[in-house]
Amino acid sequence: MKRIFSGVQPSGNLTIGNYLGAIKQFVQLQHEAEALYCVVDLHALTVPQDPDELRKRSREIARIYLACGVDPQKATIFLQSHVKEHAELGWLLQCATYMGELSRMTQFKDKSSGKSAVHVGLFTYPVLMAADILLYDTTHVPVGEDQKQHIELTRDIAERFNHRYGEVFVIPEAEIQAFGARIMALDDPSKKMSKSAESEASRIAILEPVDVFRKKIMRAVTDTDNEIRFDPERKPGISNLLTIYSLFADEPVESLVERYAGQGYGTLKKDLVEVMSEKLGAIQRRYEQWNDEAELDRILARGAEKARSLAEQTLNRVKDAMGLVRFS
Ligand code: AQP
């Protein structure tokens with residue numbers, strides 16, 4: 001049986017990178033398999049957060065899932081901190097993971113680089129992510145390219161655990177789109193677009209008004225030769241815009257390249273703003289409609305209850321395997 005698990009951190013305003021790389025897939029996959037979509041609020045605590053903002057953003061992300069088309073009748077939507085088994089399995093797996101493995105994680109290196117004080121949680125966060133995934137006997141994890149290394153670590157931890165203690169965990173696979181799994185920053189296409197990056201010009205939020213994101217698209221860094229060609233190596237800026245255009249319009253890049261041949265970057269950028277305005281506008285309208293906080297909380301409470309019933313079973317298997325005493 002195919003089971004999907006994935007999550008998004010409430011560590012900033014969700015970007016079109018989060019949408020195109022992950023959430024858009026969540027919507028498609030809920031029709032193909034049993035799906036659990038989590039707001040991974042414990043992960044957000046690995047870097048400093050304002051408590052009120054974190055509370056607000058956690059609900060906001062659940063609302064964005066719904067606005068993007070995740071159906072609470074089909075998929076289970078919940079907050080990570082509402083299912084305590086995540087933290088518990090996280091600890092048990094920390095005792096089955098090596099320092100060397102975590103030291104190799106590129107996201108840790110990027111996020112800790114240049115900082116004098118780094119929390120231990122930022123270092124061990126990939127283990128909590130492994131726990132998130134393994135708790136649900138997940139078979140497939142839809143993520144963007146940046147999470148590939150963490151899924152590989154999850155597989156390594158699970159395989160080693162099974163080797164040592166018997167068949168406890170299902171070994172999950174990353175489900176990474178062949179195209180669009182890495183949306184780049186608009187002001188520097190050599191970097192990934194990120195919701196917590198310092199530069200506002202680097203990203204577009206899913207809930208951003210068109211008047212704000214128009215300027216960012218029009219000023220997006222491109223090269224000077226004005227030739228529309230898809231070549232991420234040599235022409236990363238325009239290739240990034242073509243990728244974004246293709247994914248929002250559901251039109252292959254080749255067809256866009258043909259259509260815009262001989263026209264300048266300005267025309268393509270203007271049309272991209274139109275396409276995005278239509279697609280993001282529809283999400284933003286649905287977001288406004290999901291404005292009943294009590295209803296949202298009911299969905300999250302139901303989701304947590306369902307998730308907990310699955311998580312408990314896996315955690316019990318792990319405890320038994322590792323030799324912890326359980327009263328029946
Ligand atoms: N630029 C991106 N292109 C494609 N996919 C992306 N994702 C993130 N950025 C891009 C995917 O979005 C999902 C949720 O990400 P996350 O919240 O778990 O954290 P992240 O991967 O670290 O994403 P951000 O936006 O860069 O967050 P911060 O700034 O807090 O670190 C994941 O599936 C991710 O691959």
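Helix H12, which has 25 residues, reaches 36 Å from its first C-alpha to its last, and this is close to the 36 Å expected at 1.5 Å a residue. The model described here is a predicted one. The buried residues of H12 pack against four helices, namely H1 (16-29), H3 (51-68), H9 (210-218) and H10 (236-249). The points below begin with this helix and then turn to the cores, the domains, the rings and some single residues.

**Helices H12 and H3**

- The buried residues of H12 include Tyr-265, Leu-268, Leu-272, Val-273, Met-276, Leu-280, Ile-283 and Tyr-287, and Lys-269 and Gln-284 are also among them.
- An α-helix has 3.6 residues a turn, so residues three or four places apart point the same way.
- Helix H3, one of the helices against which the buried residues of H12 pack, has 18 residues and reaches 26 Å from its first C-alpha to its last, close to the 26 Å expected at 1.5 Å a residue.
- Among the buried residues of H3 are Leu-54, Ile-61, Ile-64, Tyr-65 and Leu-66, and the list also includes Arg-57, Glu-60 and Arg-63.
- Arg-63 lies over the face of Tyr-287, at 3.9 Å from the ring centre, and while Arg-63 is one of the buried residues of H3, Tyr-287 is one of the buried residues of H12.
- Just after H3 comes Gly-69, which takes a positive phi of about 120°.

**Nonpolar cores**

- The largest nonpolar core has 56 residues, of which Ile-23, Tyr-37, Tyr-65, Ile-244, Phe-248, Met-276 and Leu-280 touch the most other members.
- Helix H12 (residues 265-289) gives the largest share of this core, nine residues.
- Because domain 1 (3-176 + 292-322) and domain 2 (200-288) both give residues to this core, it lies between them.
- Tyr-65, leaving aside residues up to four places away in sequence, touches Gly-7, Val-8, Ile-23, Phe-26, Tyr-37, Cys-38, Val-39, Val-70 and Ile-77.
- Another core, of 39 residues, lies apart from the largest one, and its members include Phe-5, Leu-102, Met-129 and Ile-151.
- In soluble globular proteins, nonpolar side chains tend to be buried together.

**Domains**

- The domain assignment divides the chain into domain 1 (3-176 + 292-322) and domain 2 (200-288).
- The C-alpha centres of domain 1 and domain 2 lie 30 Å apart, and 13 residues of domain 1 are in contact with 15 residues of domain 2.

**Aromatic pairs**

- A search of the whole structure finds eleven aromatic pairs.
- In one pair, the rings of Phe-5 and Tyr-136 have their centres 5.5 Å apart and their planes at 10°, so the pair is stacked.
- This pair links distant parts of the chain, since Phe-5 is in strand E1 (residues 3-8) whereas Tyr-136 is in the loop between helix H7 (120-134) and strand E4 (140-142), 131 residues apart.
- Both Phe-5 and Tyr-136 are buried, and ring pairs link these two residues with Phe-78 into a cluster.

**Buried single residues**

- His-43, which lies in helix H2 (residues 41-44), is buried, with a relative accessible area of 2%.
- Not counting residues up to four places away in sequence, His-43 touches Gln-9, Gln-80, Tyr-125, Leu-128, Met-129 and Asp-132.
- Asn-240 has its place in helix H10 and is buried, with a relative accessible area of 5%.
- Leaving aside its neighbours within four places in sequence, Asn-240 is in contact with Ile-183, Met-184, Ala-185 and Leu-186.
- Ala-220, in the loop between H9 and H10, counts as buried at 5% relative accessibility, and apart from residues up to four places away in sequence, Ala-220 touches Leu-186, Leu-241 and Lys-269.

**Positive phi in residues other than glycine**

- Asp-137 has a positive phi of about 50° although it is not a glycine; Asp-137 is found in the loop between H7 and E4 and is partly exposed, with a relative accessible area of 21%.
- Asn-226, also a residue other than glycine, has a positive phi near 60°; Asn-226 is found in the loop between H9 and H10 and is partly exposed, with a relative accessible area of 41%.

Technical notes: Residues are numbered from 1 along each chain as its sequence is written. This is a predicted model: local features need pLDDT of at least 70, side-chain atom pairs count only at pLDDT 80 or more; totals for chains, interfaces and linings use all residues. Side-chain values use heavy atoms; hydrogens and water are left out. A nonpolar core is a set of buried Ala, Val, Leu, Ile, Met, Phe, Trp, Tyr and Cys residues joined through side-chain atoms within 4.5 Å. Buried means under 20% relative accessible area, exposed over 50%, partly exposed in between (1.4 Å probe, protein chains only). Helices (H or I, at least four residues) and strands (E, at least two) are DSSP runs, numbered from the N terminus. Domain bounds come from an automatic or database domain assignment. Contact means heavy atoms within 4.5 Å. Rings of Phe, Tyr and Trp (its six-membered ring) pair if their centres lie within 6.5 Å; planes under 30 degrees apart count as stacked, over 60 as edge-to-face and the rest as tilted. A charge sits over a ring if NZ of Lys or CZ of Arg is within 6 Å of the ring centre and within 35 degrees of the ring normal. The expected span of a helix is 1.5 Å times one less than its number of residues.
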